[in-house]
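Visitor: I would like to learn how to read a fold from its coordinates, one feature after another. Could we begin with burial and then work outwards?

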Amino acid sequence: MTPPAASTPGVRSRMQKQRSKDTGPEVALRRALFHRGLRYRVHAKVLPRRTADIVFPRQRVAVFVDGCFWHGCPVHYRGPKMNGRWWAEKIEKNRLRDGDTNTRLALEGWTVIRVRECVRSVAWAADWVQVAVNAARDGLRLRDSVIVLGQGGVVTDA
Ligand SMILES: [Zn+2]
């Protein structure tokens with residue numbers, strides 16, 4: 001599947017921004033975690049052909065920072081008007097892949113934290129990661145193995 005050309009300069013710049021690996025919220029989260037003394041790997045492989053954005057391999061905590069566009073955030077995703085069906089299918093595929101990644105990691109004993117780019121606060125997301133990592137250090141796991149953090153707080157219907 002080759003992507004259709006961006007229909008407007010606005011769409012094009014949004015696509016380019018969101019395609020970059022080091023997105024604003026991801027860098028901000030990494031910085032917040034680093035300041036708390038946490039050390040992690042960046043864009044590391046957690047499953048065959050799947051990488052996570054911030055990884056604590058020994059504690060088995062995988063953090064994904066998900067752009068609202070590419071990951072189909074139910075609050076903010078707006079399909080481009082041009083090539084609407086192509087995009088709808090593309091984004092749905094991404095969502096299915098995310099769900100599959102979550103399930104497989106959870107089965108292998110990982111805690112998955114998905115931070116949407118619209119998360120209400122980076123510090124709050126960092127709190128969650130810190131809690132999960134500390135729990136793992138103590139040989140514990142959080143009750144939920146997949147946690148999605150969004151604009152309104154913890155997303156329960158993801
Ligand atoms: Zn969003």
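Guide: A residue is called buried if 20 or more other C-beta atoms lie within 10 Å of its own, exposed if 12 or fewer, and partly exposed in between. The model shown here is predicted, and within it the buried residues of helix α3 are Asp98, Thr101, Asn102 and Leu105.

Visitor: Why might buried positions in a helix recur at such intervals?

Guide: An α-helix has 3.6 residues a turn, so residues three or four places apart point the same way. In this structure, the buried residues of α3 pack against β1, β2, β3, β4 and β5. The helix itself covers residues 84-107, and its 24 residues reach 35 Å from the first C-alpha to the last, close to the 34 Å expected at 1.5 Å a residue.

Visitor: Which elements does the protein contain, and in what order do they run?

Guide: There are four helices and six strands, and from the N terminus on they follow the pattern α-α-β-β-β-α-β-α-β-β. Buried residues make up 28% of the 158 residues. Among contacts between residues at least 6 apart in sequence, 64% join residues at least 24 apart.

Visitor: How are the strands arranged in the sheet?

Guide: The six strands form an open sheet with the order β1-β2-β3-β4-β5-β6 and mixed pairing. Its edge strands are β1 (41-47) and β6 (153-155), each of which pairs on one side only, and neighbouring strands are turned by 40° against each other on average, direction ignored. As for the helices, α2 packs on the sheet, where α2 touches β1, β2, β3 and β4, and its direction makes about 30° with that of β2. Helix α4 lies across β2, β3, β4 and β5, running at about 175° to β4.

Visitor: In which sense, parallel or antiparallel, do β3 and β4 pair, and what of β5 and its partners?

Guide: Strands β3 and β4 pair in the parallel sense over six bridges, and the bridge partner of Val63 in β4 is Ile113. Four bridges join β4 to β5, again a pair that runs parallel, with Val112 standing opposite Val146 in β5. Between these two strands the chain crosses through α4, and this β-α-β crossover is left-handed. By contrast, β5 and β6 pair in the antiparallel sense over three bridges, joined by a hairpin through two residues, and Leu149 stands opposite Val154 in β6. Strand β5 is mostly covered, since four of its five residues are buried.

Visitor: Where should I look for the nonpolar core, and which residues touch the most other members of it?

Guide: In soluble globular proteins, nonpolar side chains tend to be buried together. Here the largest nonpolar core has 27 residues, of which Val61, Ala62, Val63, Ile113 and Val129 touch the most other members. The elements α2 (24-35), β2 (50-56), β3 (61-66), β4 (111-116), α4 (122-137) and β5 (146-150) each supply at least two residues of this core, and α4 gives the most, with six residues. Not counting residues up to four places away in sequence, Ile113 touches Val61, Val63, Trp128, Val129, Ala132, Ile147 and Leu149.

Visitor: Which residues other than glycine have a positive phi?

Guide: Most residues other than glycine have a negative phi. In this structure, Arg60 has a positive phi near 55°, and Asn83 likewise has a positive phi near 55°. Arg60 is in the loop between β2 and β3, where Arg60 counts as partly exposed because 19 C-beta neighbours lie inside 10 Å, a count below the 20 that burial requires. Asn83 lies in the loop between β3 and α3, and with 15 C-beta neighbours inside 10 Å, Asn83 is also partly exposed. A glycine can be added to the picture: just after α3, Gly109 takes a positive phi of about 90°.

Visitor: How should I read a loop residue such as Arg120, which sits between β4 and α4?

Guide: One can ask about its surroundings and its contacts along the chain. Arg120 is partly exposed because 13 other C-beta atoms lie within 10 Å. Leaving aside neighbours within four places in sequence, Arg120 is in contact with Gln151 and Gly153. The C-alpha atoms of Arg120 and Gln151 are separated by 4.5 Å, although the two residues are 31 residues apart along the chain.

Terms used. Residues numbered from 1 in each chain as written. Predicted model: local features only at pLDDT ≥ 70, side-chain atom pairs only at ≥ 80, totals over all residues. Core = buried A, V, L, I, M, F, W, Y, C linked by C-beta atoms within 7 Å. Contact = placed C-beta atoms within 7 Å. Pairing = 2+ DSSP bridges. Axes fitted to C-alpha atoms, helices over the stretch in contact; angles between N-to-C directions. Right-handed = clockwise from strand over helix to strand, strands pointing away. Expected span 1.5 Å × (residues − 1).
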